[in-house]
Amino acid sequence: MRIYNSATRRKEPFRPREEGRVALYVCGVTAYDVCHIGHARAAVTFDILVRHLRGKGYRVNFVRNFTDVDDKIINKAAEEEQSPDQVEEKYIQAFFRDMDRLGVMRADREPRATEHVQDMQEIIRTLVDKGYAYATTEGNVYFRVRSFPDYGSLSGRDVEELKAGMRIDPGEEKEDPLDFALWKRAKAGEPAWSSPWGEGRPGWHIECSAMSEKLLGLPVDIHGGGQDLIFPHHENERAQSMAASGGEFVRYWMHNGYVQVESEKMSKSLGNFVTLQEIFQHHHPEVLRFFLLGQHYRSPLDFTWQAMQDAERGLKRIYQTRLALEQALQRQNWKNSPLPGELSEEAEQTISDCWNKLDDDLNSAACIGEVFSLVRLVNRILENKTWRASQHSRDLLERIRENILAVADTLGAFQADPREFLQELRDFKAARRGIDPEEVERLLRERQEARQNKDFDRADTLRDQLADMGVSVQDNPQGSSWDVE
């Protein structure tokens with residue numbers, strides 16, 4: 001398996017610090033608002049990573065934190081006239097609800113920053129003792145950026161260029177505009193903890209340094225998060241952790257790409273944040289997950305409602321093929337007729353390619369492309385009267401089915417019972433369009449009776465009535481089924 005390491009800017013063979021075990025830390029959300037599409041992308045990316053690593057036999061210790069003390073939480077608490085504790089608890093639970101619907105597994109440990117303030121203070125004390133940090137007369141503690149020569153290497157930033165765009169605000173006692181806060185003096189009405197430097201609270205960056213070291217030990221095998229965290233968060237985190245420990249902090253840095261909305265950068269100033277709750281009103285949650293899987297995790301992702309429609313059609317196609325495959329395998333009479341050898345070769349090569357794509361820097365998009373190749377192969381077999389009756393076809397279809405289910409388990413998609421999912425998706429779309437399933441079923445029964453009575457004009461009229469409702473009808477030997485267009 002190879003992983004693109006953001007620190008070296010190249011793909012590298014993955015070798016954890018301890019054979020067979022992986023220590024993974026991912027920066028979680030700051031609990032002050034509901035989740036948006038950017039949060040979903042990061043969560044799904046590292047969910048797939050954990051699934052794939054475990055599927056390869058690794059014992060993964062996965063830690064994903066919550067930032068539950070921050071200026072944004074304090075401001076939101078004032079806005080909502082609640083305590084910071086109430087705000088962070090509300091949005092942490094909202095996060096869990098959204099992630100559960102998205103099929104994202106819980107991490108092994110999900111610490112809150114406030115549970116590790118003592119651990120943060122110990123690192124800060126070490127940094128001060130070593131001369132990497134300093135306390136001000138006001139009770140703030142800052143990290144001396146220039147005391148760490150390797151600062152900027154993770155993000156590719158030049159210290160002098162950074163300084164050109166920064167200044168020291170009035171009242172700050174920084175030695176250098178580049179220095180960042182490790183500990184902040186308490187303000188009236190804000191959460192605060194006692195410390196050697198007075199009442200205060202931790203800075204943002206020190207939180208992840210403390211929690212990753214405490215819960216995983218150093219060096220962490222993989223540290224992940226969104227691309228927007230590379231600077232300053234991960235750059236600062238790396239500097240303070242390496243300065244305090246005197247050793248390596250992270251072996252592999254992984255970052256998922258930015259999310260755009262309708263070709264524009266997603267930002268609150270543009271008012272184009274798309275929340276998961278909004279998406280779930282229009283699309284089944286698994287459709288969103290499938291959409292996210294359809295682009296390599298490091299590539300920019302453009303969210304559009306049309307792209308979601310396309311993802312729904314693709315996901316539906318896989319489920320429909322799975323259903324046809326299940327029905328074909330239930331047949332009892334199989335003939336010992338030959339099957340072209342190239343079909344088996346094609347299937348085995350495609351199955352191998354599915355896993356090779358995931359091993360190549362977690363390329364879920366290419367893996368799904370191979371799944372669609374298997375879908376086409378299944379349909380070719382089932383459409384050929386000679387092939388679909390062959391015992392050799394049955395064995396091959398069983399092999400393909402087994403692999404599709406294994407890939408589905410790794411990707412966390414198209415793994416539900418196909419008949420149940422297709423009906424759930426249909427009913428979801430019907431509810432969204434205001435279509436009453438009971439009314440549809442009543443009209444279908446009337447149409448079936450008209451066809452049996454050879455009243456084809458009446459049957460056509462009912463079909464047109466259903467079409468006007470947005471319902472498509474499929475006739476088959478077993479009767480009629482329906483879907484929402």
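## A tour of spaces, sheets and a helix crossing

Our starting point is a count: there is 1 cavity of 30 Å³ or more. Here a cavity is a set of points, on a 1 Å grid over the protein atoms alone, where a 1.4 Å probe fits but cannot get out; lining residues have an atom within 4 Å of a point. The model is predicted, with local features needing pLDDT of at least 70 and side-chain atom pairs pLDDT 80 or more, while totals for chains, interfaces and linings use all residues. Residues are numbered from 1 along each chain as its sequence is written, and side-chain values use heavy atoms, leaving out hydrogens and water.

**Stop 1: the cavity**

Select R41, V44, T45, I48, L292, L293, Q295, H296, Y297, L362 and S364, which line the largest cavity. Two elements, α1 and α9 (285–293), each give two or more residues to this lining. Elements are DSSP runs numbered from the N terminus: helices are H or I with at least four residues, strands are E with at least two. Helix α1 has the largest share of the cavity lining, 4 residues. The space in the largest cavity is about 80 Å³, a volume being the space filled by probe spheres set on grid points joined across faces, edges and corners. By class, its lining has 6 nonpolar, 4 polar and 1 charged residues. Nonpolar means Ala, Val, Leu, Ile, Met, Phe, Trp, Tyr, Cys and Pro; charged means Asp, Glu, Lys and Arg; the others, Gly among them, are polar.

**Stop 2: the pocket**

A pocket is an open set of points with protein on both sides within 12 Å along at least five of seven lines. The largest pocket holds about 1,100 Å³ of space. To find its centre, select H36, H39, K72, D228 and L229, the closest to it of the 42 lining residues. Next, colour α1 (37–55), α2 (71–80), α3 (84–102), α6 (204–216), β9 (220–226) and α7 (230–245), each of which supplies at least two residues of the pocket lining. Helix α1 gives the most here, with 4 residues. The pocket lining has 19 nonpolar, 15 polar and 8 charged residues.

**Stop 3: two helices crossing**

Keep α7 in view and add α4 (residues 117–130): the two pack at an angle of about 70°, with their axes 9 Å apart. Axes are lines fitted to C-alpha atoms, for helices over the stretch in contact, and angles run from 0 to 180 degrees between N-to-C directions. Helices α4 and α7 are therefore roughly perpendicular, a label for angles of 65 to 115 degrees.

**Stop 4: a sheet of four strands**

Now show the open sheet with the order β5-β6-β7-β8, whose pairing is antiparallel. Strands pair if DSSP finds at least two bridges between them. At the edges are β5 (133–135) and β8 (200–202), each pairing on one side only. From one strand to the next, the twist averages 20°. Walk across by selecting Y134, whose bridge partner in β6 is Y142; Y142 in turn stands opposite A181 in β7. Then pick R185, whose bridge partner in β8 is G200.

**Stop 5: a sheet of three strands**

Finish at the open sheet ordered β12-β11-β13, which has mixed pairing. Strands β12 (264–265) and β13 (301–303) each have a single partner strand, so one side of each is left without a neighbour in the sheet. Strand β11 (residues 259–261) runs antiparallel to β12, joined by 2 bridges. For a last selection, click Q260, which stands opposite K265 in β12.

Conventions: Angles under 35 degrees count as roughly parallel, over 145 as roughly antiparallel, 65 to 115 as roughly perpendicular and the rest as oblique.
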